[in-house]
Number of protein chains: 2
Amino acid sequence: MDVMTVTETTDTRTDTCAMPPQGDRRPDGKDKYTISEVAALTGLTAHTLRWYERIGLMPHIDRSHTGQRRYTNRDLDWLALVGKLRLTGMPVADMVRYAELVRAGDHTYAERFELLKATREDVLARIAELQGTLAVLDRKISFYADAGRALASERA
Amino acid sequence: MDVMTVTETTDTRTDTCAMPPQGDRRPDGKDKYTISEVAALTGLTAHTLRWYERIGLMPHIDRSHTGQRRYTNRDLDWLALVGKLRLTGMPVADMVRYAELVRAGDHTYAERFELLKATREDVLARIAELQGTLAVLDRKISFYADAGRALASERA
DNA sequence: TAGATCCTTGGAGTGCGCTCCAGGCAAGCG
DNA sequence: CGCTTGCCTGGAGCGCACTCCAAGGATCTA
C-alpha cells in the first residue's frame, strides 16, 4: 500500500494521542467489542450505534459468525471523532457526508480538507459567541451580587 | 419604588452597553414596534415571537387598540438576553423558568442568581469542550496539509 | 438443559424548537 | 369600494436526532 495513502486509518491513529484516556480498550489485534461494550465506552446507546450504521455514519462493522456486531479499536477511534464533531453542533447529515468522502478514497482528500477547515471556522465562531454570552452573564451575575449585598446591608 | 428592587428592567438596562449596536431602535417613550419590526430587529420570525409569548418566555406584550402587539425597547432587551441564552444551548424550558422567576418578583432573587451562575459554568464547560474539539480538528487539518504536500511533491 | 440476558431487524414513536396553515379582522390607498 | 398588506388565533405539521418496540435468534451460567 502506498505510503502516501490518505485514509482515516492513518488519520485517526494520528489522533489517538489526543483522545481521552480510555484504559479499558483491548490491544489491537484482539480488539473485538460487542455493541453494549461500545455503548459503555462511548456513552451512546446501542440503539444509536445501530442507527449511525443505518444512516451511513459508521463504516461497515465486522460481524461474528452469528451475525452480531464486533467493533474494533478503529471503530472506537471513528466514534471518538464523531463525538467531537457532534459537540460542535455539526448536523449528522454533514458527518455522513464526511464519512462518505472517507469511504470514497484518496481523491476526496481536498474536499475533506476543506470541510475540516470550514468546521474549524465554525468552532471558532461558536467559541466567540459563547464568550460574548459569558460577558453578558458575568455582567448580570455581578449585578445580582451587588443587589444581594445591598439587600443584605439594608437588612443589617 | 424601592431603590433596592431587583427587576429585569434595571437589569437589562445595565446590560444595554453590551448589546450589539442596534441603531434602528426608537428612543424610550415612543418605543412601539410591530411584530414584523421586531422580527427584523431580532432575526426571529413573527411566528416564533408569538410562540415565545404562548409558552411564557415573553412577558405580556402591550396591544394596540385593535389588539395588535406593540413591543417596547424593554421587550427587545429581553429578547436579546433570550438570544444569548439560546446560543448557550439552554433549553427553552429553562429560559421559561427564568422568565417565571422574573415575573414572580424580588423574592426569587437568590434562585435567579444561582441559575445564572450554573449557566455560566455550563458555558465555560461548553467552551472547554469546543477547545478540545478544536485541538482535534487542528491535528487532523495539519495531517491533511502534510499529506497534501507529500502528494504534491510526489507528483513533482 | 433451563432460564436469563444479550443481540438482531424494520419500523414506529418521542421531544424539541420551531414553522406553517386556515380563516378572519383591520388599516391604507386609488 | 375593492384591493393589498399586515396582523390575529388555535392547532396541525415538520426536521432532527434519537429512542423504543415486537418478535425472534444467540450466548452465558448453573
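Here a visitor and a guide talk through a predicted model of two protein chains with DNA.

Visitor: Hello! How many residues of chain A are in contact with chain B, and which helix gives the largest share of that side?

Guide: Welcome! In this model, 37 residues of chain A are in contact with 37 residues of chain B. On chain A's side, α1 (8–15), α4 (73–87) and α6 (109–155) each supply at least two residues. By class, that side of chain A divides into 20 nonpolar, six polar and eleven charged residues. The largest share, 28 residues, comes from α6(A).

Visitor: How are the two copies related?

Guide: Let's lay one on the other. A turn of 180 degrees, with a shift of 0.0 Å along the axis, places chain A on chain B with an RMSD of 0.1 Å. The two copies are therefore related as by a two-fold rotation axis.

Visitor: Which residue of chain A comes closest to the rotation axis?

Guide: We can look for the C-alpha atom that comes closest to the axis, which lies 3.0 Å away. Both copies use the same surface, with 100% of the contact residues of chain A recurring in chain B. The residue you are after is A:Ile127.

Visitor: What does A:Gly148 touch, and where does it lie?

Guide: A:Gly148 lies in helix α6 of chain A. This glycine counts as partly exposed because 14 other C-beta atoms lie within 10 Å, and a buried residue would need 20 or more. Leaving aside residues up to four places away in sequence, A:Gly148 touches B:Tyr109 and B:Phe113.

Visitor: Now the DNA, please. Which helix gives the most to the surface near DNA strand C?

Guide: There are 17 residues around DNA strand C, and the closest are A:Thr34, A:Ser36, A:Arg69, B:Pro91 and B:Val92. The helices that each supply at least two residues are α2 (35–42) and α3 (46–54) of chain A, together with α3 (46–54) and α5 (92–104) of chain B. By class, this surface divides into six nonpolar, eight polar and three charged residues. The helix that gives the most, with three residues, is α3(B).

Visitor: And which helix gives the most to the surface near DNA strand D?

Guide: Around DNA strand D there are 18 residues, of which A:Thr66, A:Val92, B:Thr34, B:Ser36 and B:Arg69 come nearest. Here α3 and α5 of chain A, together with α2 (35–42) and α3 of chain B, each supply at least two residues. The classes are six nonpolar, nine polar and three charged. With three residues, the helix that gives the most is α3(A).

Visitor: How far apart are the end C-alpha atoms of helix α5 of chain A, and what span should we expect?

Guide: We can work this one out. The helix has 13 residues, 92–104, and at 1.5 Å a residue they should span 18 Å. The model agrees, as the end C-alpha atoms are apart by 18 Å.

Visitor: Why do the buried residues of α5(A) line one face of the helix?

Guide: An α-helix has 3.6 residues a turn, so residues three or four places apart point the same way. In α5(A), the buried residues are A:Met95, A:Tyr98 and A:Ala99, while A:Ala93, A:Glu100 and A:Ala104 are exposed on the other side. Seen down the axis of α5(A), the buried residues line one face because they fall within an arc of 100 degrees.

Visitor: Which residue takes a positive phi just after α5(A)?

Guide: Let's step just past the end of α5(A). There, a positive phi of about 110 degrees is taken by A:Gly105.

Technical notes. Residues are numbered from 1 along each chain as its sequence is written. Chains are lettered from A and ligands numbered from 1 in the order in which they are written. This is a predicted model: local features need pLDDT of at least 70, side-chain atom pairs count only at pLDDT 80 or more; totals for chains, interfaces and linings use all residues. A residue is near a molecule or strand if its C-beta atom, placed from the backbone, lies within 6 Å of it. Helices (H or I, at least four residues) and strands (E, at least two) are DSSP runs, numbered from the N terminus. Ala, Val, Leu, Ile, Met, Phe, Trp, Tyr, Cys and Pro count as nonpolar, Asp, Glu, Lys and Arg as charged, and the others, Gly among them, as polar. Two residues are in contact if their C-beta atoms, placed from the backbone, lie within 7 Å. Copies are superposed by least squares on the C-alpha atoms of residues with pLDDT of at least 70 in both. The expected span of a helix is 1.5 Å times one less than its number of residues. A residue is buried if 20 or more other C-beta atoms lie within 10 Å of its own, exposed if 12 or fewer, and partly exposed in between; C-beta atoms are placed from the backbone. The arc is that of the directions from the helix axis to the C-beta atoms.
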